Amino acid sequence: MGVYDVNPKLVFSIPVFPGLSVKLHEIELPLSRMVSALRQTPDLQDPPAWASAIRLVLQFIFDDMHTDGDLRGGWGKSYAERYLRETYPHGPPPDVSRQPDSPSGTAMVVQGLADFLCIEQLVNDATKHALAVCLNESAAYLAARFNNETGAVGVMTRLAGGDIAIAYNVRHTAMSVRAWRELPNQYERLGQTCKNVLETVDTMNLETERALTVAAVLSALEWIGSQKDLRRGIPGAHRIPFLRKKAEVALLTQWSDDCGGWYDGKNARATSQWY
């Protein structure tokens, strides 16, 4: 595995591993299903081959990261390039985001890569270096979308005149908690973000929000509530049990018996898979 910086674009490369069919490169599967599919491959029963398969999955993850421009360090290339096309073959509806990057998606990837970095048996020095570069780039990406005064996190867009605008929202803010708690030297941002989540959720009507947003809020509240030392520095932390119940009720209100879960908008068939 190699990683090198060709200004202004970051490039990752992982060699093809012996014993793996080249056809694997042509399969488009969600990551959660890809690992299961690889596990059933006879050639991957021995540990070295399984480790190689894990590195192959990492390449898919690296390929989804933006490597240049304003989006560098963020994840979500496949959403704009593949997911929208496959989910809405006749074109996405007007209210669907076409943003090619996501602070929320980036935070989830950061959490997963940080966890993977702790598995010594599967991570050699070259992989550690590549993962460290990814996490550093993602930290810079999220920091550029972080409001130093309020602790909110949002989506950055470049306007026609060249100016940059950031649309802050509670979902990206709540999801960024996952990233700040894993990235080094981000404790101050973590505290500010947690404070913002509590203040925002306390005054909003969660039952009118997307289930995706409510789930992100509930996850953040659960984690904040488990951190005794962190809670001491957050005003209103005593209201966390109430806010959690508020989020739980909102999720139950949006449950759909028709699809056995949650979905967005009017297209249950297309969007229920998100949940």
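# Helix packing: a working chat

Me: Is the crossing of α7 and α10 left-handed or right-handed?
Reply: In this predicted model, α7 and α10 cross in a left-handed manner.

Me: And what angle do they pack at?
Reply: The angle between α7 and helix α10, which spans residues 240–253, is about 55 degrees. Their axes lie 10 Å apart.

Me: How are α7 and α10 described relative to each other, then?
Reply: They are oblique, because an angle of about 55 degrees falls outside the ranges for roughly parallel (under 35), roughly perpendicular (65 to 115) and roughly antiparallel (over 145).

Me: Which residues actually meet there?
Reply: From α7 the residues are L198, V201, D202 and T203. They meet I240, F242, L243 and K246 of α10. By type, this contact of α7 with α10 has 5 nonpolar residues, 1 polar residue and 2 charged residues.

Me: Let us stay with D202. Where is it found?
Reply: D202 belongs to helix α7.

Me: What does D202 touch beyond its neighbours in sequence?
Reply: If neighbours within four places in sequence are set aside, D202 is in contact with R239, F242, L243 and K246. In the case of K246, the two residues are 44 residues apart along the chain, and their C-alpha atoms are separated by 9.0 Å.

Me: Why does D202 count as partly exposed?
Reply: Its relative accessibility is 30%, so it lies between the 20% limit for buried and the 50% limit for exposed.

Me: Now α8. At what angle does it pack with α10?
Reply: α8 and α10 pack at about 155 degrees, and 9 Å separates their axes. An angle over 145 degrees counts as roughly antiparallel, so that term applies to this pair. The crossing of α8 with α10 is left-handed.

Me: Which residues make that contact?
Reply: On the α8 side they are A211, V214, A215, L218, L221, E222, I224 and G225. On the α10 side they are I240, L243, R244, A247, E248, A250 and L251. The residues of the contact of α8 with α10 comprise 11 nonpolar, 1 polar and 3 charged.

Me: Changing topic: how many residues of α6 are buried?
Reply: Helix α6 covers residues 170–180, and 10 of its 11 residues are buried. Among them are V170, R171, H172, M175 and W180.

Me: What do the buried residues of α6 pack against?
Reply: They pack against the helices α4 (103–117), α5 (125–143), α7 (187–203) and α8 (211–225), and against the strand β3 (154–158).

Me: What happens at the start of α6?
Reply: A side-chain oxygen of N169 comes to within 3.0 Å of the backbone nitrogen of R171.

Me: And after α6, where does N185 sit?
Reply: N185 lies in the loop between α6 and α7. Its phi is near 60 degrees, which is a positive value in a residue other than glycine.

Me: Is N185 buried or exposed?
Reply: N185 is exposed, because its relative accessibility of 78% is over the 50% limit.

Me: Last topic, the whole chain. How many helices and strands are there?
Reply: The chain has 11 helices and 4 strands. Of its 275 residues, 41% are buried.

Me: What share of the contacts joins residues 24 or more positions apart?
Reply: Among contacts with a separation of 6 or more, such pairs account for 60%.

Terms used:
Residues numbered from 1 in each chain as written. Predicted model: local features only at pLDDT ≥ 70, side-chain atom pairs only at ≥ 80, totals over all residues. Heavy atoms only, no water. Buried < 20%, exposed > 50% of the residue type's maximum accessible area, 1.4 Å probe, protein only. Helix = DSSP H or I, 4+ residues; strand = E, 2+ residues; numbered from the N terminus. Contact = heavy atoms within 4.5 Å. Polar contact = N/O pair within 3.5 Å; in protein donor to acceptor, adjacent residues only side chain to side chain. Axes fitted to C-alpha atoms, helices over the stretch in contact; angles between N-to-C directions. Left-handed = near helix turned anticlockwise from the far one by under 90°. Nonpolar A, V, L, I, M, F, W, Y, C, P; charged D, E, K, R; others polar.
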